[in-house]
Amino acid sequence: ILGLKTDVLGREIVYRDQVASTNELATELAYQGASEGTLVVADQQTGGRGRRGRAWFSPPGKGVWMSLILRPKLSPAYASQLTLVAAIALSRAFSSLTGQQAGIKWPNDIFFGSKKCCGILTEMHADHDRIHHIVLGIGINVNMESSEFPEELRDIAVSLRIVKGESLVRSKVIQSVLTYLEPLYQQYVREGGFSSLREEWKLESITIGRNVRAVTPRGEIEGTAVDIDEAGALCVMTESGEIVRIHSAEILFN
Ligand code: BTN
């Protein structure tokens with residue numbers, strides 16, 4: 001990628017016209033010893049993966065489907081916080097690329113208004129009590145027109161092109177994302193987690209202050225999202241005034 005000025009992220013780039021999933025390929029490469037910051041990009045994914053076992057729409061020519069191999073020297077407990085760090089970078093990059101304000105829906109989606117333009121799928125592989133590597137998978141809808149989304153996504157998905165009103169060069173999108181992400185990633189590694197980035201996260205959030213329904217493995221919680229804690233859990237105040245910390249859930253806006 002011409003003009004990429006990062007030190008670590010994207011120093012090695014593996015490009016494929018077509019893969020099943022860049023996360024899958026990145027995992028293989030990571031086990032083969034690929035270096036910290038290796039970027040895997042594909043034009044098209046035939047088995048793009050979303051969270052919770054869902055498929056991720058990844059047609060050729062239209063998006064950025066990428067995975068970064070990262071090797072932070074942290075305990076596995078901190079891996080999920082990397083998603084939050086990446087979300088800050090993505091939200092900033094998209095706002096600067098489009099001139100419109102993007103925002104983070106906790107934990108791993110980037111939205112414009114009420115529509116999603118990007119999702120993150122972080123997969124951690126541990127070795128005893130250390131992170132062996134993390135695959136940070138990022139899917140960005142870049143140049144689709146509304147009519148190019150499958151019917152079921154049309155009302156909930158958006159692309160950078162639709163927001164900006166003109167198409168974007170995908171390599172520039174990658175460059176912007178990596179440029180915003182690198183210093184945040186380095187801070188996360190240096191400080192051993194997400195906590196010092198909380199305020200920055202909140203500036204990009206569209207979640208805090210909203211009435212939400214959190215669908216967790218142990219049932220549903222309804223209330224107002226009031227904060228994010230040092231570990232990255234979403235704090236939801238229920239009707240009774242109790243504050244519940246949510247570590248993993250699907251968030252629905254009420
Ligand atoms: C989600 O919102 O559910 C997460 C979507 C993550 C999609 C990206 S595209 C690149 C990488 N490879 C995959 O198979 N998935 C992630």
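**Exercise 1. Find the largest nonpolar core, and work out which elements build it.**

Solution. The largest nonpolar core, a set of buried Ala, Val, Leu, Ile, Met, Phe, Trp, Tyr and Cys residues joined through C-beta atoms within 7 Å, holds 70 residues, and Ala 86 and Leu 90 have the most contacts inside it. Here a residue is buried if 20 or more other C-beta atoms lie within 10 Å of its own, exposed if 12 or fewer, and partly exposed in between, with C-beta atoms placed from the backbone. Helix α2 (residues 81-98) gives the most to this core, with 11 residues; helices (H or I, at least four residues) and strands (E, at least two) are DSSP runs, numbered from the N terminus. Because domain 1 (13-204) and domain 2 (211-253) both contribute residues, the core lies between them, the bounds coming from an automatic or database domain assignment.

The model is predicted, so local features need pLDDT of at least 70 and side-chain atom pairs count only at pLDDT 80 or more, whereas totals for chains, interfaces and linings use all residues. Residues are numbered from 1 along each chain as its sequence is written.

**Exercise 2. Determine the strand order of the open sheet with 5 strands, and identify its edges.**

Solution. The order is β11-β10-β9-β8-β12, with antiparallel pairing, where two strands pair if DSSP finds at least two bridges between them. At the edges stand β11 (243-246) and β12 (250-253), each with a single partner strand, so one side of each has no neighbour in the sheet. Inspecting one pair, β9 (residues 219-228) and β10 (residues 234-237) run antiparallel and are joined by 4 bridges; Thr 224 has Met 237 in β10 as its bridge partner.
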